[in-house]
Amino acid sequence: MSKKKRVLILENIHALARDLFIQAGFEVEQVKTALNTEELKTKLKDFDVLGIRSKTQITKEVIANAQHLETIGCFCVGTNQVDLDAANSFGIPVFNAPFSNTRSVAEMVIGEIVMLSRQLGTRNNEMHRGTWNKKSDKCFEVRGKTVGIVGYGNIGSQVSYLAEGMGMRVVFYDINSKLPLGNAKPMPSLAELLAESDVVTFHVPETQFTHEMMGPEEMKAMKPGAFLINASRGKVVQIPSLISNLKSGHIGGAAIDVFPTEPEGNTDGFKVELQNLNNVILTPHIGGATEEAQGNIGREVAALLISYLKDASTQMCVNFPKIDLTKDPKNHRIINIHKNVPGVLKDINRIISESGANIQAQALSTDATIGYLIIDLDQPIQNKMISEINGLKTSIRTRVI
Ligand code: NAI
């Protein structure tokens, strides 16, 4: 009987992940904290799977030392903490949870649209200071207003769906062509979106093109009194221009969840010139921070890792050629990760054909560095065949499922 796969999960990953691994027949060891390079080099020698969050740094040195490691799961949205190129060249696919907190961000943004329209942040502060300031001046319903969504990806499109449910008109701008949900209307340019929107909300990634894409000119192009929301990345909106537009009243309010520089932890304190301005809601990068999102992350990433180990699917991974080939239970599956050079398929097929096995299904996908090959055979896989494939100079790793 084959040895149980061993999974090491660090950084207090949600218990759902551990439960799924155990149900799938794996052995799990949990460590509450992150580990440093030296600790990882020692510890990883015995594990096939590693689960981390954002604090564990996986360098080339760590990867090169982890001889049994087959895959890494980042139980979070980002994957910057892993040297993805090194993992690729050592044949280690890396998975993450890109959609796990989408809905959490979208719901927060919807709440903020209502809060800004009704000046609820300011009224709340006044009441806590003992001021009763009942007024309707510059307080609005959201029904019938236009929300302009910049970046119509996972989060932007969810905001669109929810905003229409509240009777809002939705326009959006995206550099890529996107299927509008409901009656949402794509806009040909950011300028045209700004000219029509009562609320502008950003849901773009951080790139050289989105860096301060909302600067003084763009703010000037907004409707007087319109609101601005940024729950995407801190450098998308130019903060000094936002402050002067809020002070002049040209922008009627803002909700900012992300900042150009953010503290490392909750004990570090935080100062930004947006503090104490009227109708400005400031939150500490909590758009995606819900218990549901944490649960989703645990479930989604564990499921992706299990699917890779049991079926070889790399469909959702971030650094590897993609294959998702359904396996007929009668067949026996080999996966081979190899250097992307000419002649590999010929060599592997020759070894298989010399063994007398018949190939029932085969899929190959490549990137600039490696090839990922899945082969399904009609008979149990012989050790001799695997050691011959592994012995090819081009092979990085070969495994039987
Ligand atoms: P996504 O990749 O699904 O969508 C981003 C969209 O922006 C894509 O449709 C893309 O085509 C579009 N885009 C890229 N460059 C653009 C440009 N220059 N102009 C217009 N559109 C552009 O990403 P997702 O999951 O919707 O996330 C959006 C942002 O939200 C990311 O920056 C992410 O880091 C951030 N985020 C923030 C969280 C928080 O806690 N506040 C939690 C989760 C994500």
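Welcome to this briefing, which opens in the middle of the fold: strand 9 (residues 199-202) and strand 10 run parallel and are joined by four bridges. The model is a predicted one. The protein contains 13 helices and 16 strands, and its C-alpha trace spans about 85 × 45 × 35 Å along the principal axes. Of its 401 residues, 47% are buried.

**Around strand 10**

- In the pairing with strand 9, T201 stands opposite I229 of strand 10.
- Strand 10 also pairs with strand 11 (residues 251-256), in the parallel sense and over five bridges.
- Here N230 is the residue that stands opposite I256 in strand 11.
- To get from strand 10 to strand 11, the chain passes through helix 10 (residues 239-248), and this β-α-β crossover is right-handed.
- Strand 10 covers residues 226-230, and five of its five residues are buried.
- Both of its faces are covered: A226, L228 and N230 are buried on one side, with F227 and I229 buried on the other.

**Domains and overall layout**

- Domain 1 is made of two segments, 1-100 and 290-320, while domain 2 takes in 102-282 and domain 3 takes in 324-401.
- The centres of domain 2 and domain 3, taken over C-alpha atoms, are separated by 51 Å.
- Take the contacts between residues at least 6 apart in sequence: 63% of them join residues at least 24 apart.

**The five-strand sheet**

- Another piece to look at is an open sheet of five strands, with parallel pairing and the order 2-1-3-4-5.
- Its edges are strand 2 (27-30) and strand 5 (94-95); each has a single partner strand, so one side of each is left without a neighbour in the sheet.
- Strand 2 pairs with strand 1 (residues 6-9) in the parallel sense, over four bridges.
- Within that pairing, V28 in strand 2 is the bridge partner of V7.

**N96, after strand 5**

- N96 sits in the loop between strand 5 and helix 5 (102-117).
- Its relative accessible area is 7%, which is under the 20% cut-off, so N96 counts as buried.
- Setting aside neighbours within four places in sequence, N96 is in contact with C74, C76, V77, T79, V301, L304 and V318.
- N96 and G252 are 156 residues apart in sequence, and their C-alpha atoms are 38 Å apart in space.

**Helix 5 and the start of helix 6**

- Helix 5 has 16 residues and reaches 23 Å from its first C-alpha to its last, close to the 22 Å expected at 1.5 Å a residue.
- Its buried residues are T102, S104, V105, A106, M108, V109, I110, E112, I113, L116 and S117.
- Following helix 5 comes Q119, whose phi is positive, near 55 degrees.
- L120 belongs to helix 6 (residues 120-128).
- With a relative accessibility of 37%, L120 lies between the 20% and 50% cut-offs, so this residue counts as partly exposed.
- L120 and G249 are 129 residues apart in sequence but 17 Å apart in space, C-alpha to C-alpha.

**Helix 12 and what covers it**

- Helix 12 (residues 344-355) has twelve residues, which should span 16 Å at 1.5 Å a residue; the end C-alpha atoms are 17 Å apart, which agrees.
- V344, I348, I351 and I352 are buried in helix 12.
- Viewed down the helix axis, the buried residues of helix 12 fall within an arc of 95 degrees, so they line one face.
- As background, an α-helix has 3.6 residues a turn, so residues three or four places apart point the same way.
- The face turned away from the buried side of helix 12 carries the exposed residues K346, S353 and E354.
- Covering the buried residues of helix 12 are, among others, strand 13 (332-339), strand 14 (359-366), strand 15 (370-377) and helix 13 (383-391).
- G356 follows helix 12 and has a positive phi, near 90 degrees.

Technical notes:
Residues are numbered from 1 along each chain as its sequence is written. This is a predicted model: local features need pLDDT of at least 70, side-chain atom pairs count only at pLDDT 80 or more; totals for chains, interfaces and linings use all residues. Side-chain values use heavy atoms; hydrogens and water are left out. Domain bounds come from an automatic or database domain assignment. Buried means under 20% relative accessible area, exposed over 50%, partly exposed in between (1.4 Å probe, protein chains only). Helices (H or I, at least four residues) and strands (E, at least two) are DSSP runs, numbered from the N terminus. Two strands pair if DSSP finds at least two bridges between them. A crossover is right-handed if, with the strands pointing away from the viewer, the path from the first strand over the helix to the second runs clockwise. The expected span of a helix is 1.5 Å times one less than its number of residues. The arc is that of the directions from the helix axis to the C-beta atoms. Contact means heavy atoms within 4.5 Å.
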